[in-house]
Every structure is written in structure tokens, then in C-alpha cells.
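User: I have a two-chain model open and want to work through it step by step. Please keep the answers short and end each one on the result.

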Amino acid sequence: MKKTDFALPEFSLRFIPIWQRHFLVWKKMAATSILGHLADPLIYMLGLGLGLGSLLPEMGGTSYLVFLSAGTVCYSTMNSATFEALYSCFARMHEQRTWDAIMNTPVTLDDIVLSEILWAASKSLLSGLAVLAVIWAMGLSHSVLSIWLIPLSLLIGLCFASLGLIMTAMAPSYSFFMYYFTLVITPTMFLSGVFFPVTRLPAWLQSVSAVLPLSHAVEIARPLMNGILPPCLLLNLSVLLGYTLFGYYMSLVLFRKRLSQ
Amino acid sequence: MNAVLSAHNLRKCYGNQVVVNDLSISLNKGECFGLLGPNGAGKTTTLRLLLGLIAPDAGELWLLGHAVPQQARDARMRVGVVPQLDNLDPDFTVAENLLVYGRYFDMSDAAIEARLPELLEFANLTHKRDAKIPTLSGGMKRRLTLARALVNDPDVIFLDEPTTGLDPQARHLIWQRLRELTAQGKTLLLTTHFMEEAERLCHRLAVMDNGRIISQGSPHELIAQNIEPQVVEVFGEQAAAWAQNHAAQHAQRFETSGESVFCYVNDAQPLLKELQHHPGLRYVHRPANLEDVFLKLTGREMRE
């Protein structure tokens with residue numbers, strides 16, 4: 001690795017036309033995309049919430065469905081950012097060579113990586129909005145505070161897009177991403193309090209959970225949904241932001257190395 | 001500095017391998033400069049260096065008055081690139097590809113829209129304006145890639161093997177367009193391994209092998225400097241045996257390749273007379289061309 005690979009990101013507004021490009025592609029299949037954002041999380045939320053929920057007592061003073069709804073916003077935004085940052089980015093970088101075409105213009109790799117993170121986060125925002133719309137329509141949350149889940153969706157998106165890009169920068173092929181989903185994303189989903197309270201986990205798993213970014217997202221989302229201010233908001237936000245910056249920088253360094261070959 | 005591009009002693013290594021070795025070239029405004037070389041000679045790496053996409057390990061480079069790679073971004077504002085592999089956006093139409101690409105150069109949508117008819121006309125794609133990329137033929141895709149490289153009205157255009165994989169009709173159309181561009185005063189830098197392409201288009205050429213420029217000049221100069229002016233190709237089963245016994249007497253130099261013998265001569269008459277005595281041999285007498293130079297300089301062995 002060269003010293004220049006470790007330089008700090010060079011910021012410019014040239015990421016905007018790349019974001020616009022992704023948006024134009026997305027617009028062409030918006031209907032299927034929105035359906036995808038909605039169908040999967042809703043099936044889980046309603047399936048588990050209504051089915052499993054009928055067997056369960058109240059959880060923290062709310063029904064299981066309400067408990068699950070906050071987690072669903074968090075994990076569905078995580079998933080949509082991760083998919084975008086892994087599969088779609090890899091296609092643009094490796095298969096379609098879109099990045100090569102863009103880098104022949106005044107736009108640089110630093111702009112591209114930033115645009116990919118922002119785009120994946122935009123899709124997360126959309127995914128979060130779609131789930132929230134259903135939550136509000138079903139009357140699962142009556143608190144005005146739940147509006148704050150909208151910017152939270154964006155932050156979760158930024159965080160998992162940045163982390164996902166590290167994988168993309170190292171991936172030799174699509175099949176590499178299976179490891180990340182199986183070994184990171186799926187365990188994260190079960191250890192972060194999406195489906196059941198973290199306190200139900202054995203102590204050592206609770207310590208693992210404490211360092212996972214999604215746990216901190218859920219710790220913000222669930223109180224807000226019930227109209228309560230999250231008790232450790234500053235800590236939770238710092239962790240999410242920290243992972244975002246770490247992922248952004250790491251992935252940029254790795255992309256610089258990969259694409260200077 | 002008058003040169004549009006000037007590179008001095010550029011060097012690029014990957015590990016222990018020197019991919020570009022003390023390369024110096026200079027491009028004048030309005031000329032078409034060709035970079036020739038077998039596969040793996042370092043042509044594409046050279047283009048990437050010249051564009052500032054990778055940093056050289058040594059050397060100095062100026063492109064359109066900007067130091068590269070330090071100010072490569074500014075330089076690339078006035079540069080167009082036709083890459084070796086098509087990387088058009090498959091999700092977009094022909095017009096959308098141009099629109100999206102123009103935005104990378106800070107162009108407003110209105111400014112790009114205003115340029116579209118001219119670009120589509122140049123690429124013979126006016127009727128395909130709203131066609132999706134997967135429905136285009138190989139030649140159309142190449143023409144669109146060329147039009148895309150012109151969207152910012154560049155001063156310099158880099159073309160990496162612009163006609164590889166095209167049929168003769170498509171190739172001739174691209175050649176005609178490239179000549180129009182130089183006539184407009186654009187500077188072209190193209191890599192190729194088609195000698196005919198180099199001979200027809202390029203004002204000046206550099207032959208590259210193993211990362212080095214081994215000869216540089218106009219097509220005529222390259223031929224005059226490196227090789228005898230006339231070639232007699234002799235074919236047939238007995239050609240090799242004939243060459244062993246007779247070729248050296250009448251040719252300055254000869255090379256045997258399978259059942260063909262290439263005789264390089266200053267004056268072909270004695271050799272042609274000699275060949276009259278061997279009715280079993282067929283032959284072709286022609287002036288020396290760039291391909292002869294290329295094969296002499298880079299050898300006849302396969303590069304894989």
C-alpha cells in the first residue's frame with residue numbers, strides 16, 4: 001500500500017451528478033423497488049408481530065407488534081443500505097465499469113465513494129419511510145417523536161453503507177458477500193434487540209451486542225416510537241457516527257489500493 | 001509551453017515489474033499521435049498515467065498546462081476518453097448516456113441538451129436517440145462512446161484501441177470521424193495494434209515494447225529509419241529451402257515464418273529475376289509498411 005492511499009478524503013460537490021445518475025436508474029424501476037422495500041419487512045413485522053405476538057405477553061408495556069415495529073425500521077434500513085453497497089456498487093465498479101467511465105472525467109474516486117454511501121443511505125431513508133408510513137397508518141405509534149426515525153433511517157443507512165463498502169472493496173466476486181450476510185448481518189439482526197430485548201441474551205452475548213451499531217440504532221428508535229427520549233442518545237449517536245466515519249475511511253483506502261492496480 | 005501534452009521520463013512499476021520505463025512523449029495541437037505495441041507493452045498503463053488516474057513512480061507530466069497527477073482534475077475538464085472496453089450505462093438510453101456523462105463535467109442540463117443533436121449526428125445515432133444500450137450493435141456502441149467522449153468539447157481525446165472488435169464498415173466510419181476531429185484542431189492520442197489504422201490516421205507514432213518506446217516518428221520516418229523500402233514475400237512448400245540457399249544473395253535481410261519468407265530489399269529487381277527460375281514459388285512484391293517495422297522491432301513471437 002502506498003502512503004497516498006491513506007490520505008484523508010478529498011471532499012468536493014462532484015458527488016452530486018453521480019447521485020443523480022443513480023437516482024435516474026432508480027426512477028426507471030421505482031415501483032418494484034418500493035414494493036421490495038415494503039414487502040419483506042412488512043411480512044416479517046406483521047407475520048411475527050401478529051402470529052408470535054398473540055402468544056407473548058406485553059413487552060415493556062406495549063404489544064409485541066409495537067415492540068417489533070421499531071426494530072423493523074432499523075433492520076430494514078440496514079438491509080437496504082447493505083444490499084446497495086454490496087451488490088449494486090460491485091456491479092457498477094466491476095461488471096458495468098461505470099466507475100471507470102466516471103473516473104475518466106474530472107470526478108475522482110473520492111467523489112464516487114462518497115456518492116455511493118450517500119446513495120445507499122438515500123435508499124435506506126426511503127425504506128425507513130415506507131415502513132414508517134405503514135406503522136403510522138396502522139396506528140402503532142402515536143408519538144410525534146417517532147418522526148425522528150426518519151433522520152435515524154438516514155444515519156443507519158450511512159453507517160451500514162460505509163461498512164458494506166469495505167466488503168465491496170475487498171470482494172473478488174459476488175459470492176464473497178454471502179460471508180458478510182451470514183457472518184455479520186444476520187447475527188447482527190438477532191443480537192441487536194430487533195426481535196427480542198437484548199437483556200434476554202446471556203451476559204457474554206450482551207457484551208457483543210453492546211458494540212454492534214444496530215443495537216445503538218434500536219436503542220434510539222424504540223423509545224422514540226413510544227414517545228420517550230432515548231436515555232443514552234449521545235452515546236448511541238456517537239457509535240453510529242463513529243462506525244460511519246470508520247467505514248468511509250477504510251473503504252476509501254481499500255478502493256484506492258484496489259483501483260490503482 | 002506549446003505542447004498539448006508533454007511527458008518526461010515517466011516510470012511506473014508494479015512490484016518488481018517496470019510497466020512503463022522512462023517514457024517521454026510530446027503531443028502538438030491538432031495532431032493524431034499513435035501508441036503502437038503488442039499486448040502487454042504498457043499502452044493502457046501509459047494512458048492511465050497520462051490521464052492522472054495512477055501516479056508515476058518517477059517523471060514529470062504536463063497536460064493542457066496542468067501538472068499531472070497533482071492537477072489532473074483540471075486537466076481532465078478538457079479531455080475526452082474512449083476506453084478499450086465499452087462502459088456505457090446499460091440502464092439508460094443513448095441520449096441519457098450523454099446527458100448523465102455531461103454532468104460529470106459541470107455542464108448544465110440545458111447546455112448538454114443543446115449539444116445533443118450535434119453529437120448524435122456525429123455518431124450517426126440520431127435515429128437511435130431513445131434506444132436502450134443493449135439494443136445497439138457493437139459499432140453503434142463504439143460511436144456512442146466516441147460521442148460521449150466529446151460531450152465536453154475536449155481539446156485532447158484519448159482513445160484506447162478504438163476499433164478493436166469492429167467490422168470493416170464500422171471501423172472505416174470511426175476512422176472518418178477521427179480524421180474530422182483532427183481537422184477541427186483536436187489533438188488525438190490513440191493506442192492500437194492495427195497497423196493500417198496507425199498508418200491511415202496518425203501523423204506521428206511511437207512503437208512501445210516492454211514499457212519502453214523503441215522508435216518514434218511519422219509513419220514514413222519509421223519505415224525509412226527501421227527497414228529496407230521493399231519487401232518480397234515468397235510462399236510455397238519449397239520457400240524455406242529456397243531461402244536457405246538463395247535469399248541471402250539477393251536480399252539485405254530475410255525472415256522465415258512457416259511457409260512464408262519475407263525478403264527485405266533496397267532493390268527488388270535481382271531477387272525478382274532469381275525467382276523466375278523457381279516456378280514452384282509464388283511471391284508478392286510490395287513496398288515496406290508499418291507492419292514490417294512493427295514485426296522487426298517487436299519480434300514475431302506471440303505475446304500471451
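**Working through the model**

Analyst: Start with helix H4 of chain B, where B:Ile112, B:Leu119 and B:Leu120 are buried. The model is predicted.

User: Which elements are included in what covers the buried residues of H4(B)?

Analyst: The buried residues of H4(B) are B:Ile112, B:Leu119 and B:Leu120. Their cover includes two helices of chain B, namely H3 and H5 (138–149).

User: At which residue does H4(B) bend?

Analyst: H4(B) spans residues 109–122, 14 in number. From first C-alpha to last it reaches 20 Å, close to the 20 Å expected at 1.5 Å a residue. A proline, B:Pro117, follows the bend within four residues. The bend is about 40 degrees, and it falls at B:Leu116.

User: What is phi of B:Asn124, just after H4(B)?

Analyst: B:Asn124 sits in the loop between H4 and H5 of chain B. It is partly exposed, because 15 other C-beta atoms lie within 10 Å, and the buried class needs 20 or more. B:Asn124 is not a glycine, yet its phi is positive, at about 55 degrees.

User: Is B:Leu64 buried, exposed or partly exposed?

Analyst: B:Leu64 lies in the loop between strand S4 (58–63) and S5 of chain B. Its phi is positive, near 50 degrees, in a residue other than glycine. The count is 19 other C-beta atoms within 10 Å. A buried residue needs 20 or more and an exposed one has 12 or fewer, so B:Leu64 is partly exposed.

User: Which two residues does the cis peptide bond join?

Analyst: Look in the loop between strand S5 (66–67) and H2 of chain B, where B:Pro69 is found. Omega of the cis bond is about 10 degrees. The bond joins B:Val68 and B:Pro69.

User: Is B:Thr45 buried or exposed?

Analyst: B:Thr45 belongs to helix H1 (residues 43–50) of chain B. Setting aside neighbours within four places in sequence, B:Thr45 contacts B:Lys12, B:Val19 and B:Val20. It has 20 other C-beta atoms within 10 Å. The cut-off is 20 or more, so B:Thr45 is buried.

User: Is A:Thr182 buried or exposed?

Analyst: A:Thr182 is in helix H7 (residues 177–191) of chain A. Its C-alpha is separated by 33 Å from that of A:Ala101, 81 residues apart along the chain. Within 10 Å there are 10 other C-beta atoms. The limit is 12 or fewer, so A:Thr182 is exposed.

User: How many helices and strands does chain A have, and how does its radius of gyration stand against the globule rule?

Analyst: The elements run α-α-α-α-α-α-α-α-α-α from the N terminus, with 10 helices and 0 strands. The globule rule gives 18 Å for 261 residues. Chain A is close to that, so it is as compact as a globular protein of that length, with a radius of gyration of 19 Å.

User: What share of chain B is buried?

Analyst: Chain B comes to 11 helices and 14 strands. Its C-alpha atoms fill a box of roughly 75 × 45 × 35 Å along the principal axes. Of its contacts between residues at least 6 apart in sequence, 68% join residues at least 24 apart. Of the 304 residues in chain B, the buried share is 40%.

User: Which element gives the most to the largest nonpolar core?

Analyst: The largest nonpolar core has 138 residues, and A:Cys74, A:Ala221 and B:Phe158 have the most contacts inside it. A:Cys74 touches residues including A:Ile156, A:Val194 and A:Leu214. Apart from this core lies another of 15 residues, among them B:Val231 and B:Phe262. The top contributor to the largest core, with 17 residues, is helix H3 (residues 64–95) of chain A.

User: Which element gives the most to the side of chain B that touches chain A?

Analyst: The contact takes 19 residues from chain B and 20 residues from chain A. Two helices of chain B give two or more residues to the chain B side: H2 (72–76) and H3 (94–103). That side divides into 12 nonpolar, 1 polar and 6 charged residues. The most, 3 residues, comes from H3(B).

Key. Residues are numbered from 1 along each chain as its sequence is written. Chains are lettered from A and ligands numbered from 1 in the order in which they are written. This is a predicted model: local features need pLDDT of at least 70, side-chain atom pairs count only at pLDDT 80 or more; totals for chains, interfaces and linings use all residues. Two residues are in contact if their C-beta atoms, placed from the backbone, lie within 7 Å. Ala, Val, Leu, Ile, Met, Phe, Trp, Tyr, Cys and Pro count as nonpolar, Asp, Glu, Lys and Arg as charged, and the others, Gly among them, as polar. The radius of gyration is taken over C-alpha atoms; the globule rule is 2.2 Å times the number of residues to the power 0.38. The expected span of a helix is 1.5 Å times one less than its number of residues. The bend at a residue is the angle between axes fitted to the seven residues ending there and the seven starting there. A nonpolar core is a set of buried Ala, Val, Leu, Ile, Met, Phe, Trp, Tyr and Cys residues joined through C-beta atoms within 7 Å.
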